[in-house]
Amino acid sequence: ENGSRLWLRYSTDGNATISCNKQSPMLDIATTELRKAWKGMPVTLILQRNKETRALGEEGYCLLTSDNGQKITITSAGERGLLYGAFHLLRLQDTGAENFSKLNIKESPTYDLRILNHWDNLDRSIERGYAGRSLWDWEALPSTLSDRYADYARANASIGINGTVINNVNASSQILSTEYLEKVKALADVFRPYGIRVYLSINFASPMQLGGLSTADPLDKEVIAWWKNKTKEIYRLIPDFGGFLVKANSEGQPGPCDFNRTHAEGANMLADAVKPYKGIIMWRAFVYSPSDADRAKQAYLEFQPLDGQFRNNVIVQIKNGPVDFQPREPYSPLFGAMPKTAQMVEFQITQEYLGFSNHLAYLAPMWKEFFDFVQPSSLKAMAGVANIGTDANWCGHPFAQSNWYAFGRLAWNPELSSGAIAEEWLKQTFFDAHNPQHAPIAHEVWQMMMQSREAVVDYMMPLGLHHLFAWGHHYGPEPWCDIPGARPDWMPSYYHKADKAGIGFDRSHTGSNATAQYPDSLCHLYDDINTCPDEYLLWFHHAPWNHTMQSGRTLWDELCFRYDRGVQQVRSFQRKWDLTENYIDMERFKDVQSRLKIQARDATWWKDACLLYFMEYSGMRIPYDIERPIHELDDLKQVKLPIDNHECPTREMLNERR
Ligand code: BDP
């Protein structure tokens, strides 16, 4: 058992009659899945355009028991609907959820675009990837196709993901060379029958770097012509190509501002190029410059004034929070602030800031928290930065698979609860839904998943703290980090601002006034230190060490309590996980058990580093009822992990640290 089957572990002893009224590569996939695994009454797939199916769209479907409970029909106006319907039926069988004699389900996705973003480089390294190398074997492409391409597409189809940006947002212009486009075409051909479109990240300076032009100014005629030709070439190879994702004028990437043009002018030039082919541009709003006073305000300042200037095939892609995928951030106030512009959210599935693939953190609760503030219907699409690599189990940590799964399920329907998704996933991945003995154990593990993200927040950065990460990687703590000459907004002290008076970033009206970017009611709530919710306190305020928290504790005591609670939670996860020993396979049991040991030690590392360091400012004692530190601050300051931004520290490396 190596985890490679993901949540698609259903047995291959299907025994039912499966029929379909049409034939195509996609429909063959749908019927083959059912023939392999469906045990029960006959299933008929019907491709049919009528009022009902049309209302559900090409991707929607009905699952219905008919003929007096003798047969199941899946109907859809589109082939993709039938494919998704087939996977839905198998999911029901696997999770033991339904009485099949009375099925009457109608489904259609909330978003038309449900897209993975791979930060994969052409040398097969993955930026912030912790599960091996890139799946795309560029050297062997286009002539040799790995089996994993279809396996990947199948897994995505099973959860409704229908698009993939296959290369890093820090894009090499090489991807647009004819040589690489042939390779991209080969991947697109594999993905197509699974309903998945390919998109590419582009480098805005490609006309210069690849085309030999002297400029990449989006208003320059030659530049415009270059992009038009390139686009034509792409669509000749890949007729259903989805479009471009662009990171421009961000973290050193080229962009329209290099030529005194706006983001809208840059995006529109590309939008015009892909428009004749129904392509789209996903233009990222992740911009910030070291000279501005508050990084959290910058995307809003730059993009909000451009509302109404973007073409209608441009979608502005915004990270869920205003800084950068921290364990907890308030939502980005740019959402809802551009009523005339299509917006989409970018979540990060890969755990860049949540313990890489060593820590267990189920992220659906974090994404649902975003939807507590942002209406799903106000968005056009959902993107997730993938956590997938060449590791046999795809994601490194066996539980990281749940985040890939949850992303797909939420992109299909953001109203689903994170608890329901976790339960589905567990039943398909680890437990037997039909075995009553599994239920209580599965419930313990479910609880562990549900508490896991909050535990990470507690032991890494509670109460609105953020970006306390070590220089060079985002794994461990380094709140003291101070590299002479480095960008100030890449230093933890820029964010925590600890001093003798207190800790936290004053973003209220007495500080950077970032609170003013939020709608009135939230602005007032966040702006007042006495009403600001604890979980965002140090995000919005520089609070005195003796500030009284909602619990009645002082800020310092609360900080100690939260760090400790995080550590205790992980210890409780270890106990819960050990309960599964006799119920699941040894390989995955041991793998998770061993990663939880790393996580427990890391949690203590975080707690000790942050409390011992901040104690130097607070001058206060760690409350006596809290476990004492087991490290010396000076030792922790010496810790250096020899890792790059695409590696997960091994146990051996972490042992060195202690
Ligand atoms: C940050 C990552 C960096 C990415 C950047 C981005 O550290 O590797 O390139 O975001 O999203 O989170 O563009």
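**Exercise 1. Relate the C-terminal annotation to the secondary structure: which residues does the UniProt domain annotation "Glycosyl hydrolase family 67 C-terminal" cover, and what share of the span is helix and strand?**

Step 1. According to the unreviewed UniProt entry, the annotation "domain: Glycosyl hydrolase family 67 C-terminal" covers residues 395-625.

Step 2. In the model, which is predicted, the span 395-625 is 52% helix and 2% strand, and its end C-alpha atoms lie 38 Å apart.

**Exercise 2. Treat the N-terminal annotation likewise: where does UniProt place "Alpha glucuronidase N-terminal", and how far apart are the end C-alpha atoms of that span?**

Step 1. The feature "domain: Alpha glucuronidase N-terminal" is placed by the unreviewed UniProt entry at residues 49-89.

Step 2. The end C-alpha atoms of residues 49-89 lie 21 Å apart, and this span is 41% helix and 29% strand.

**Exercise 3. Describe how domain 1 meets domain 2: what are the bounds of the domains, and which helix gives the most to the side of domain 1 that touches domain 2?**

Step 1. The chain is divided into domain 1 (18-107), domain 2 (113-416) and domain 3, the last of these made of 457-505 + 542-656.

Step 2. The centres of domain 1 and domain 2, taken over C-alpha atoms, are separated by 31 Å, and the contact takes 7 residues from domain 1 and 6 residues from domain 2.

Step 3. On the side of domain 1 that touches domain 2, at least two residues each are supplied by helix 1 (25-37) and helix 3 (79-95), and helix 3 gives the most, with 4 residues.

Step 4. Sorted by character, the residues on that side of domain 1 divide into 6 nonpolar, no polar and 1 charged.

**Exercise 4. Characterise the surroundings of the ligand: which residues surround the ligand, and how do the residues of this shell divide into nonpolar, polar and charged?**

Step 1. The ligand is surrounded by E127, R128, V169, N170, K247, E251, F286, D324, F325, E352 and N645.

Step 2. The shell residues divide into 3 nonpolar, 2 polar and 6 charged.

**Exercise 5. Assess the chain as a whole: how many helices and strands are there in the chain, and why does the chain count as being as compact as a globular protein of that length?**

Step 1. The chain contains 20 helices and 15 strands.

Step 2. Its radius of gyration is 25 Å, which is close to the 26 Å that the globule rule gives for 658 residues, and the chain is therefore as compact as a globular protein of that length.

Step 3. Along its principal axes, the C-alpha trace spans about 75 × 70 × 50 Å, and 52% of the 658 residues count as buried.

Step 4. Among the contacts with a separation of 6 or more, 73% are accounted for by residues 24 or more positions apart.

Methods:
Residues numbered from 1 in each chain as written. Predicted model: local features only at pLDDT ≥ 70, side-chain atom pairs only at ≥ 80, totals over all residues. UniProt positions renumbered as here; feature names shortened; annotations may be inferred. Near = placed C-beta within 6 Å. Nonpolar A, V, L, I, M, F, W, Y, C, P; charged D, E, K, R; others polar. Domains from an automatic or database assignment. Contact = placed C-beta atoms within 7 Å. Rg over C-alpha atoms; globule rule 2.2 N^0.38 Å. Buried ≥ 20, exposed ≤ 12 C-beta atoms within 10 Å, placed from the backbone.
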